[in-house]
Amino acid sequence: MLAAAGLLSLAIWLVLTFGRGGFWRADQRLAQETPDCNECPDVVCVIPARNEVATIAQTVSSLLNQDYPAAIAIIVIDDQSADGTADAARDVGVGVPGRSVHVVVNEPLAEGWVGKMWAVKRGLAEIADIMPSARYVLLTDADIEHDPQNLRRLVTKAKAEDCVLVSLMVRLNCETIWEKLLMPAFVFFFQKLYPFTWINQPANPVAAAAGGCMLVRRTALEDVGGVNAIRDRLIDDCALAALLKPRGAIWLGLTTSTKSLRVYSRLAEIWNMVTRTAFVQLRHSFWMLAGTVAGMVLLYVIPPAAFIVGLVSDSAGIAGLGALTWLIMGVLYRPTLGLYNLSPWWGLLLPLAGVLYTLMTVESARRHFVGTGGRWKGRHYDGLRSTGG
């Protein structure tokens, strides 16, 4: 029975290797040379922020210091923060030519809205008064440090390929032991779920984005009614990508120069982050949960289990089958590990990361069924939707 499961696991990994858009190559990147950006348009940056005093100043500063030849307006929407986020943002934005910072304290959260989308809605409404000339809107989180060339590269990409959306999965923090184990694995799993090459093909229906850094053509955003249609989506970035792709090309890539400032020093912090949306991604379906658990066991538990059992039972065939599949897994993981300057030996621990993410998904479902799911920054969103309709 273990041999049959091992063969099936190997077959699936071979399909993933050759039939899933080369997701594992991690090769979708913006050009790193400084683009000319001829006739660069004005850009407005919208930053929803709730209790982000630790990072908001660094995020705003990175946008003020962009090497970008046109005007940039930064709108920080303080979403009922209790830690001085608004004051920290105001203190940064003083006296930079061609740049302006506007801090707006948002109204209390409206019923049926996710907090982030409620804040983004307010920010979009301010554009007409603050920078009506803006052709693009940069939607970015309050914990992102943007490379000085980032906006220039995003706009150049959007103009060159006539994209309505250009998004970057920023480099996640990867310093603590838990981050090294789980953050590259998160990126690997995301690429497997949403192959970037498929996303970047206009004729392919697969659509996804990374909410930390999304440059959107303003007219396209207005054509879909802003963020009203996704007001109740916890996984708002992928929902926005699905909304925009029928209206034009979208592009999603990786970067090592624009970075997340969010630090996860403990497993519990990553655990809570994942459990907030994992079961939402499965549309609160028990059957999708069961299929996901079975698939994760088959992909990440069976290969090392076959290798170990084969060694113990002196079954060279089973041990070799497990070792081969485990090796393929590690080889596919290597380019993503390279993004984080981690040794390929970390690939041996991908099964452990897979088990932990599976447990987080199960815990996300448990929290949903006992009525404690979807909690984030003091709010409860368990009744809201995922990316789907």
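**Group meeting: confidence, cavities and helices in a predicted model**

I'll start with the weak spot. Over residues 385-389 the pLDDT stays under 50, and for that stretch the model has 19 contacts beyond four places in sequence. This is a predicted model, so please keep that stretch in mind when you look at the structure. For the protein chain as a whole, the mean pLDDT is 93, with 95% of the residues at 70 or more.

Next, the enclosed spaces. There are 5 cavities of 30 Å³ or more in the structure. The largest cavity holds about 70 Å³ of space. It has 13 lining residues, and those closest to its centre are Lys116, Met117, Val120, Leu139 and Met214. Which elements supply at least two residues each to that lining? They are helix H4, residues 115-130, strand S4, residues 136-140, and helix H9, residues 236-244. H4 has the largest share, with 3 residues. Sorted by class, the lining of the largest cavity comes to 8 nonpolar, 2 polar and 3 charged residues.

Now to an open site. The second largest pocket has a volume of about 220 Å³. Its lining includes Phe307, Ala323, Trp326, Leu327 and Gly330. Also in the lining are Val331, Arg334, Pro344, Trp345, Gly347 and Leu348. Helix H13, which covers residues 316-339, gives the most to this lining, namely 6 residues. By class, the second largest pocket is lined by 8 nonpolar residues, 2 polar and 1 charged.

A quick check on helix H14, residues 350-369. How far apart should the ends of its 20 residues be? At 1.5 Å a residue the expected span is 28 Å, and the end C-alpha atoms lie 29 Å apart, so the two values agree. Just after H14 comes Gly371, with a positive phi of about 85°.

Last, helix H2, residues 56-64. Its buried residues are Ile56, Thr59, Val60, Ser62, Leu63 and Leu64. As a reminder on spacing, an α-helix has 3.6 residues a turn, so residues three or four places apart point the same way. What do the buried residues of H2 pack against? The strands are S1 (43-49), S2 (72-78), S3 (99-105), S4 and S5 (144-145), and there is also helix H3 (85-92). S4 came up earlier, as one of the elements that supply at least two residues to the lining of the largest cavity.

That is what I have for today.

Terms used:
Residues numbered from 1 in each chain as written. Predicted model: local features only at pLDDT ≥ 70, side-chain atom pairs only at ≥ 80, totals over all residues. Heavy atoms only, no water. pLDDT = per-residue confidence, 0-100. Contact = heavy atoms within 4.5 Å. 1 Å grid on protein atoms, 1.4 Å probe; cavity = no way out; pocket = protein on both sides within 12 Å on 5 of 7 lines; lining within 4 Å. Points joined across faces, edges and corners; volume = space filled by probe spheres on them. Helix = DSSP H or I, 4+ residues; strand = E, 2+ residues; numbered from the N terminus. Nonpolar A, V, L, I, M, F, W, Y, C, P; charged D, E, K, R; others polar. Expected span 1.5 Å × (residues − 1). Buried < 20%, exposed > 50% of the residue type's maximum accessible area, 1.4 Å probe, protein only.
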